[in-house]
Amino acid sequence: MTAERGKTKFQIDLRRHLRERGVERNLAHLICEIAEASKYIINSIRTGDLGVAGTSNLYGEEQLALDVLADRILTKRLLHCGVVANVLSEEVPEVTPVSLDCEGRYSVAFDPLDGSSLVDVNLAVGTIVSIYEGCDMMLPGSKQAAALYILYGPRTTLVYCCGDGVHEFGMNQLMEYYLLQEDIQMQQKANIYSPGGLRNLYTEGVEAYVQALEEGGVKLRYSGGFVPDINQVLMKGTGVFFYPHLKGKPDGKLRVAFELNPMAYLVEHAGGKASDGKTPILERAPESLNDRAPIFIGCTEDVEMAEEMIARLG
Ligand code: AHG
Ligand code: MN
Ligand code: MN
């Protein structure tokens, strides 16, 4: 049954969809537990106090109270759900082991609240989750068992993929996730672009890429939140997002384990492409769980054009 976006003939909830798509039982349970945790994160966004937590994360970034609260909510849920081996949060420097038994369990890397600094200006933020089978997360993104994000925008939506299609769910008035559309497929060519990072630090190749997009009539759309910016590309089916290598910052800003691998998994399963400018994101062998990388992600033609210009001009 393919639901047209926003008009579901039957209310297929998340648990039923996972079951009907044959997702492994423990993985389905894990995804439902993450969906449950999102309800408490929504509440903390809507009512929690803004401002700093007085701590900073491994990257030296000042943590907001909401970062820490969202991290606690999701971590607690994962520790007690019974199907997790290891947990790794963007907000905590080391892996939290949950069970030495890897069999039938999953390891989860997550960004509990991406774009948290946008909450105090009431812009959309999200939770990003990467799931591996067993205990090992020091693996290329292509080895993920699943990836998902929850977008806390005017509507709350959840998008997941377990390797068989990319599917979008909306939260209804009972705070349950119901299928909005399944098997999302992207077009080959972008009509919007989302340029991250400081423009005056763009290399010659990236600057030429932006010129080429503009000359091609591609419109700029950038919210500053990775989750809404990627969601826009996926849901419109057209677009390209990039947070490139910059002069003095060859690895850009975004983190491979928590942000790039899960979004690359989703976009590539929807027929798009994700590259660091040279190599597919999902093929990068991690040097550490805190790797950062440049990212060009979205419509295949536009990502390939970026790779060609960077190869030529740097
Ligand atoms: P986080 O809030 O988890 O640190 O991530 C913020 C990221 C991402 O949401 C966005 O694409 C990027 O920061 C924007 O960075 P700039 O503010 O440098 O544009
Ligand atoms: Mn983030
Ligand atoms: Mn974050």
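This is a short walk through the structure, from the metal ions to the ligand beside them and then out to the sheet and its helices. Keep in mind as you click that the model is predicted.

**Stop 1: the first manganese**

Select the manganese ion that is ligand 2 and show the side chains around it. Its protein donors are Asp111 (OD), Asp114 (OD) and Glu259 (OE), at 1.9 to 2.1 Å from the ion. Along the chain these donors follow the spacing D-x2-D-x144-E.

Now colour by accessibility. Are Asp111 and Asp114 buried or exposed? Asp111 has 0% relative accessibility, so it counts as buried. Asp114 is buried too, with a relative accessible area of 7%.

**Stop 2: across the bridge**

Keep Asp111 selected and add the manganese ion that is ligand 3. Asp111 bridges the two ions, ligand 2 and ligand 3, which sit 3.5 Å apart. Which protein residues are donors to ligand 3? They are Glu90 (OE) and Asp111 (OD), lying 2.3 Å from the ion.

Zoom out a little to see where that pair comes from. Glu90 lies in the loop between strand 3 (84-89) and strand 4 (96-97), while Asp111 is in strand 5 (residues 106-114), so the pair ties together parts that are 21 residues apart in sequence. Glu90 has 5% relative accessibility and therefore counts as buried.

**Stop 3: ligand 1**

Next, show ligand 1 and its surroundings. There are 15 residues around it, and those that come nearest are Asp114, Gly115, Phe226, Tyr243 and Lys253.

Try picking out a few polar pairs:

- Tyr243: a polar side-chain atom lies 2.7 Å from an oxygen atom of ligand 1.
- Asp111, which you met as the bridging residue: a polar side-chain atom is 3.0 Å from an oxygen atom of ligand 1.
- Glu90, a donor to ligand 3: a polar side-chain atom is 3.2 Å from an oxygen atom of ligand 1.

**Stop 4: the sheet**

Switch to cartoon view and follow the strands. You're looking at an open sheet of 8 strands in the order 4-3-5-6-7-8-9-10, with mixed pairing. Strand 4 and strand 10 stand at the edges with a single partner strand each, so one side of each has no neighbour in the sheet.

Select helix 3 (residues 65-80), which packs on the sheet and touches strand 3, strand 4, strand 5 and strand 6 (125-133). The direction of helix 3 makes about 155° with that of strand 5.

Then go to helix 5 (residues 226-236). Helix 5 lies across strand 5, strand 6, strand 7, strand 8, strand 9 and strand 10, and runs at about 105° to strand 7.

**Stop 5: two antiparallel pairs**

Highlight strand 7 (residues 146-152) with strand 8 (residues 156-161). They pair in the antiparallel sense over 6 bridges, and Leu151 has Thr157 in strand 8 as its bridge partner.

Move along to strand 9 (residues 166-171) and strand 10, which pair in the antiparallel sense over 4 bridges. Here Phe169 has Leu179 in strand 10 as its bridge partner. This hairpin has 5 residues between the strands, and Met175 takes a positive phi near 65°.

Finish on strand 10 (residues 177-181) in surface view. How many of its residues are buried? The count is 5 of the 5, so strand 10 is largely enclosed by the rest of the structure, even though it stands at an edge of the sheet.

Key. Residues are numbered from 1 along each chain as its sequence is written. Chains are lettered from A and ligands numbered from 1 in the order in which they are written. This is a predicted model: local features need pLDDT of at least 70, side-chain atom pairs count only at pLDDT 80 or more; totals for chains, interfaces and linings use all residues. Side-chain values use heavy atoms; hydrogens and water are left out. Donors are N, O and S atoms within 2.8 Å of the metal (3.2 Å for Na, K and Ca); water is not among the atoms, so sites may look incomplete. Buried means under 20% relative accessible area, exposed over 50%, partly exposed in between (1.4 Å probe, protein chains only). Two strands pair if DSSP finds at least two bridges between them. Contact means heavy atoms within 4.5 Å. Axes are lines fitted to C-alpha atoms, for helices over the stretch in contact, and angles run from 0 to 180 degrees between N-to-C directions. A residue is near a molecule or strand if one of its heavy atoms lies within 4 Å of it. A polar contact is a pair of N or O atoms within 3.5 Å; within protein, one must be able to donate a hydrogen and the other to accept it, and residues adjacent in sequence count only if both atoms are side-chain atoms.
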